[in-house]
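Let's go through some of the labels used for this model and ask what stands behind each one.

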Amino acid sequence: MAGEFDAHERQMWAGAAKAYAGSFAALCAGAAEALLDAAGVREGVRVLDVGTGPGTIAAAALARGAEVVAVDAEPSMVELAAANAPGAEVRHGVLPELPFADGSFDAVVGNFVVNHVEDPWAALTELRRVARPGGRLAVTVWHATANEAMSLFNQAMDEAGVVRPSYPAPMSFTRTVEGLCGLLEQAGLAEVAGRELAWTHREDPEVWWSGPAGGVAGIGRVMSEQTPGMYARVKTAYDRLAAGRLGGDGLIGLPAVAVLASGRCQQVTGGHSVVAGR
């Protein structure tokens with residue numbers, strides 16, 4: 001049913017800002033600098049950060065001297081981002097319809113956002129619309145198969161015997177460099193390029209567990225629906241698995257692989273795409 005996935009996302013993230021900021025946000029921040037580089041964000045550039053979450057990307061863009069506008073679909077994220085990136089204009093906004101005129105920004109970025117909308121093509125087309133002709137758009141998604149950052153949770157749930165519920169699914173695209181680049185091209189971007197980003201996020205095991213414990217994202221939604229007994233079984237399995245990954249610093253290593261793609265925005269007139277430079 002149209003709109004079912006987007007409604008599921010709104011419900012899943014409702015009130016989750018602080019729990020997300022205290023758990024998974026630090027992992028997602030690993031792509032920040034590469035994302036901003038790909039969009040050409042620098043001093044004086046007017047940039048839109050879509051799906052800003054707690055304002056991580058907005059704050060990083062401000063540190064580069066950019067003029068920053070940030071939006072998020074979740075009110076608790078808007079409030080937190082405004083506090084974390086006080087130099088940015090932070091507003092509520094829901095893809096695929098943003099409250100901005102055509103060509104309002106020099107650059108548009110979305111860090112792990114495209115996979116959280118029902119129609120990724122419509123979302124990217126909207127992001128292209130609000131960028132000026134010749135401006136740059138850059139987005140990231142988690143790699144479909146290579147990313148192992150959430151593997152501890154999945155292994156613990158498998159060991160405990162958790163049956164995953166069926167949730168609404170978005171329109172699919174292949175979450176590889178080729179797949180994401182193809183999606184940008186379909187949305188009308190020119191000079192599209194992409195690459196994989198790989199890093200290891202190091203985290204305290206209890207901080208990492210606070211994500212699902214706080215109901216964050218899909219993994220948190222699954223855990224929130226478990227009985228107390230099953231929840232305890234998963235936590236016991238998680239603790240044992242995490243102990244096996246502890247380094248000398250007392251932290252666990254979480255291998256992460258993301259896909260970054262970017263392109264130059266075009267103005268479509270009379271059925272022809274025109275790319276303008278600065």
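Q: What makes P228 and T236 of helix 12 count as exposed?
A: Exposed stands for over 50% relative accessible area, buried for under 20%, and partly exposed for anything in between, using a 1.4 Å probe and protein chains only. P228 and T236 fall in the exposed class, on the other side of helix 12 from its buried residues. This is a predicted model, where local features need pLDDT of at least 70 and side-chain atom pairs count only at pLDDT 80 or more, while totals for chains, interfaces and linings use all residues. Residues are numbered from 1 along each chain as its sequence is written, and side-chain values use heavy atoms, leaving out hydrogens and water.

Q: Which residues of helix 12 are buried, and how do you know that they line one face?
A: They are M230, V234, K235, A237, Y238, L241 and A242. Seen down the axis of helix 12, they fall within an arc of 165° (taken from the directions from the axis to the C-beta atoms), so they line one face.

Q: Why does the length of helix 12 agree with its residue count?
A: Helices here are DSSP runs of H or I with at least four residues, and strands are runs of E with at least two, numbered from the N terminus. The expected span is 1.5 Å times one less than the number of residues. For the 16 residues of helix 12 (228–243) that gives 22 Å, and the end C-alpha atoms are 22 Å apart, so the two agree.

Q: Why is Y20 called buried?
A: Its relative accessible area is 12%, and the limit for buried is under 20%, so Y20 qualifies. Y20 sits in helix 2 (residues 17–21). Beyond residues up to four places away in sequence, Y20 touches W13, A25, C28, P54, M77 and V216, a contact being heavy atoms within 4.5 Å.

Q: What makes R129 and D102 a salt bridge?
A: The rule asks for a side-chain nitrogen of Lys or Arg within 4 Å of a carboxyl oxygen of Asp or Glu. The closest N and O atoms of R129 and D102 are 2.6 Å apart, so the pair meets the rule. R129 lies in helix 7 (residues 120–130), and D102 in the loop between strand 3 (89–92) and strand 4 (105–111).

Q: Is D102 buried or exposed?
A: At 57% relative accessibility, D102 counts as exposed. R129, at 25%, is partly exposed.
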